[in-house]
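Here are my notes on this model, set out point by point. Please read them with the structure open.

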Amino acid sequence: MSMRIEATVLERDVDVSLEVAAGETVAILGPNGAGKSTVLAAIAGVLRPDSGRATLGDDVLFDLSSAAWRPAHARGVALLAQDPLLFPHLSVVDNVAFGPRSAGRTRSQSRSTAATWLEAVDAADLADRRPSELSGGQAQRIAVARALAAEPRLLMLDEPMAALDITVVPAVRQLLRRVLADRTAVIVTHDVLDALLLADRVVVMEGGRIVEQGPTREVLERPRSAFGASIAGLNLVRGRVDGGAVRTPEGLVVSGLSDEDLAPDATALAVFSPSAVSIFVQRPTGSPRNVIAATVTELEPRGAQVRVRAGAISADVTAPVVAELDLAPGTGVFLAVKASEVAIYGA
Amino acid sequence: MKRLALIVAALLTLAGCSQPDVPERDSDSAPQKTLTVFAAASLQGAFTEIGKRFEDDTHGVKVKFNFAGSADLVAQIEQGAPADVFASADAANMTKAMDADLIGGQAQDFATNTLEIATPPGNPADIESLKDLSDPDVKVVLCASQVPCGAAAAKVEKVTGVDIKPVSEEQSVTDVLGKVISGEADAGLVYVTDVKAAGSKVHGVPFRDAGRVVNTYPVAAVRHAKDESLAAYFVDYLARPDAQSVLAAFGFGKP
Amino acid sequence: MPRWVLLPAALGAAFIVLPLAALATRVEWTHFFALISSDSSQAALWLSLRTSAASTVLCVVLGVPMALVLARTSFRGQSFVRSIVLLPLVLPPVVGGIALLYTFGRKGLLGETIDVLGLQIAFSTTAVVIAQTFVALPFMVVSLEGTLRTAGERYEVVAATLGARPTTVLRRVTLPLVLPGLAAGAVLSFARALGEFGATITFAGSLEGVTRTLPLEIYLQRETDPDAAVALSLLLVVVAVLVIGLVRGARSSAP
């Protein structure tokens, strides 16, 4: 079910044209106030743009040139927000059954649908709880189940993990990965990892306009917009699973942590931030960490920090460190990163 | 100088100061006296006029009035309100005051009042007699039997044998008149004096047996009045031709 | 909070509790049950409970949509409309009664229409319910609008994107969420209707079993039987406390 929107919202200075192919997940990245949530609101039917047109499959969601407007409840577009917003007066199972009930299903039919979806998000045991008795991560799982139980033709997620405790983010991200596969979806996020792991395509918004879009890896590796550049640069090492590590065809081995059960030899991605990388001139000894020998190729000052590129890996260090180690293009260095700072995902 | 004194007096009055120290116009060196009269609400028009004449006659006595329902007045005096004279709209409330030991001296009847039918202007329901009020299609409002005008109405029904089924039994004459003036009710039974006071807003229909139920207004000095002789003087004053002519002008009968 | 706040707070509490306590001390306990179980008292109490319940239902039926419109829409002149809706809160009830008279009365704005429909509002129990609803409705609107605004629209948006039609959203999300505000509004409305006096006596009249509610009965009993008035006053206080207490209890025991 493909989605297409062209819309202008004068009050928020938003003017976008966006397309999502059937079964595709598009991530919208961008700084605060870029107009990402406004786009979602217009698609959901919660906000009325000043002009434009949107379609979902063969249905016209709105066409303001002819004043056509399909109300939110008739769009088949579910919106999952930062807060789970579970109805506090309903039990978990009744929250999930809300969509089917609204679609006219009987109480028992709706409940059994709800049970299926609770099972799918690994929350069947929470069915009889009240939302007030749930943790943040549990509540967001239920919210996912509730959105899916409504059988939306388009699923939209507005920073679904921004309000979660950092410790439960990986598990919820795993769940979303499962849920979004082959589903037409739009996810608004701040986090590059979300874009990388959940989206097929990335759209970068700045100042109410789409400034860049393309396949996720392409945008992250060769950003053309300022925001794309600021979030890109995450270290990605692609290879095959080897124990608790990823082994590249070139023989580089990076150990890390994973929440998934990864089959040996499966394709996987080791991801870590440049700020987690330390630089040494002599091979460090002792503590258990990944050490990679490399040659400095580029120094890029970024405010108080300097981004040191050494082949495919980047490290962020302070200027005094650069001076002390006398780093320059051509210097041979050892890059070290703790295994606990590396996340491994199946790819 | 005189003018200045007047201005000062006015200012003092405005400022809420008591006035006894301000010299009298007639250079009478006696301090000004105040007489407080608690009187039934139906007496408001007549007593305001009588009060003026009394002030003129007594050279500077100031008469203050408190008009309310007779039962309210008894309750107020009982709670220690500063009354010198109590004029009741019926004997029952005067008896109540006497039983409560609130009255000094004798009560004297100074006026009477009888009932009259009041209808909206133009008399839309064509009320001509008391008997017309028993027609179930006629909306009649009476005073509740707990208040003097209602007690009088009940007596009228008893002596004439006319059975009135009111749509409402109001708290006071004012409430009965309100319903009649607004046209909600076709007729009400109130005092002759009330019909007179309402002027053109209501139409009065006298009825034959009205004279058989006469309501008497007694007046008495209150025990512990500030100036008992002045209070007694006011009580006597009401019997004088001067006061009686004012009462007659407002529709009251002689005792 | 500074500690000195406790002193004026305690004074304020005493200011409310003391008169109620004083009322209790004046009750003739030996005759209390005889006084409150007289036919007229029973009729007044039963009428008050019935009419207040009916007004509360009307307040819910009319007040919930009004609160929704005020809280969930914006239109030109909305704050003006809100002020008008809240006017009965500050209006003397007597003024409300007069206004109702000129609206629903025989000679009123809608009088002829009502007449054509064959309805009789004046001097009927319906008039009492109308008067009570008029003064109580703003309590429902104020209470509920506040709760609606606090609750916000986020849950309603979620419900809509899950496919719920506006009526379903109202029934299954909005109303359950604001139930505490709705209950508070209903209790306030009931209590206000129970205490309503001025608009009722002006608009509906006073007839035992038909329009004479408990407050009117108390006011009338004061004329002849102050003991009965005090006993009934206490009864009214007890009923009001019971109503508020019951609802509080029901709310705090709810999950």
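1. A definition comes first. A salt bridge here is a side-chain nitrogen of Lys or Arg within 4 Å of a carboxyl oxygen of Asp or Glu. Arg154(C) and Asp83(A) meet that rule, with N and O 3.0 Å apart. Keep in mind that this is a predicted model.

2. How many salt bridges are there between chain C and chain A? The count is one. Polar contacts across this interface come to two residue pairs, both partners being at pLDDT 80 or more. On the side of chain C that touches chain A, helix H8 (154–161) and helix H9 (166–177) each supply at least two residues. H8(C) gives the largest share, seven residues. That side of chain C divides into eleven nonpolar, three polar and three charged residues.

3. Next, the extent of the interface between chain C and chain A. Here 17 residues of chain C are in contact with 21 residues of chain A. The two chains bury about 1,800 Å² between them. Carbon and sulfur atoms account for 70% of that area. Which residues of chain C lose the most area to chain A? They are Thr161(C), Leu162(C) and Arg172(C). Together these three make up 40% of what the chain C side buries.

4. Chain C has a second interface, with chain B. It brings 22 residues of chain C into contact with 21 residues of chain B. The buried area is about 2,100 Å², and carbon and sulfur atoms give 46% of it. In chain B, the residues that lose the most area to chain C are Gln146(B), Gln171(B) and Glu184(B). Their joint share is 33% of what the chain B side buries.

5. What polar pairing does the rule find between chain B and chain C? It finds three salt bridges. One of the pairs across this interface is Arg212(C) with Glu169(B), whose closest N and O atoms are 3.2 Å apart. Polar contacts number ten residue pairs, both partners at pLDDT 80 or more. Helix H3 (70–78), strand E7 (168–170) and helix H6 (173–181) of chain B each supply at least two residues of the side that touches chain C. E7(B) provides the largest share, three residues. By type, that side of chain B has seven nonpolar, five polar and nine charged residues.

6. Now chain C by itself. It has 13 helices and zero strands. From the N terminus on, each element in the run is α. The C-alpha atoms fill a box of roughly 65 × 60 × 30 Å along the principal axes. Of the 255 residues in chain C, 44% are buried. Among contacts between residues at least 6 apart in sequence, 76% join residues at least 24 apart. Chain C exposes about 13,100 Å², with 71% supplied by carbon and sulfur atoms.

7. Last, chain B by itself. What helices and strands does chain B have? There are nine helices and ten strands. Buried residues make up 45% of its 255 residues. Of the contacts in chain B with a separation of 6 or more, 76% come from residues 24 or more positions apart. Chain B exposes about 12,400 Å², and carbon and sulfur atoms supply 53% of that area.

How values were computed:
Residues numbered from 1 in each chain as written. Chains lettered and ligands numbered in written order. Heavy atoms only, no water. Contact = heavy atoms within 4.5 Å. Buried area = accessible area lost by both parts, 1.4 Å probe. Polar contact = N/O pair within 3.5 Å; in protein donor to acceptor, adjacent residues only side chain to side chain. Helix = DSSP H or I, 4+ residues; strand = E, 2+ residues; numbered from the N terminus. Nonpolar A, V, L, I, M, F, W, Y, C, P; charged D, E, K, R; others polar. Buried < 20%, exposed > 50% of the residue type's maximum accessible area, 1.4 Å probe, protein only. Areas by Shrake-Rupley, 256 points an atom, 1.4 Å probe, with all protein chains shown as cover.
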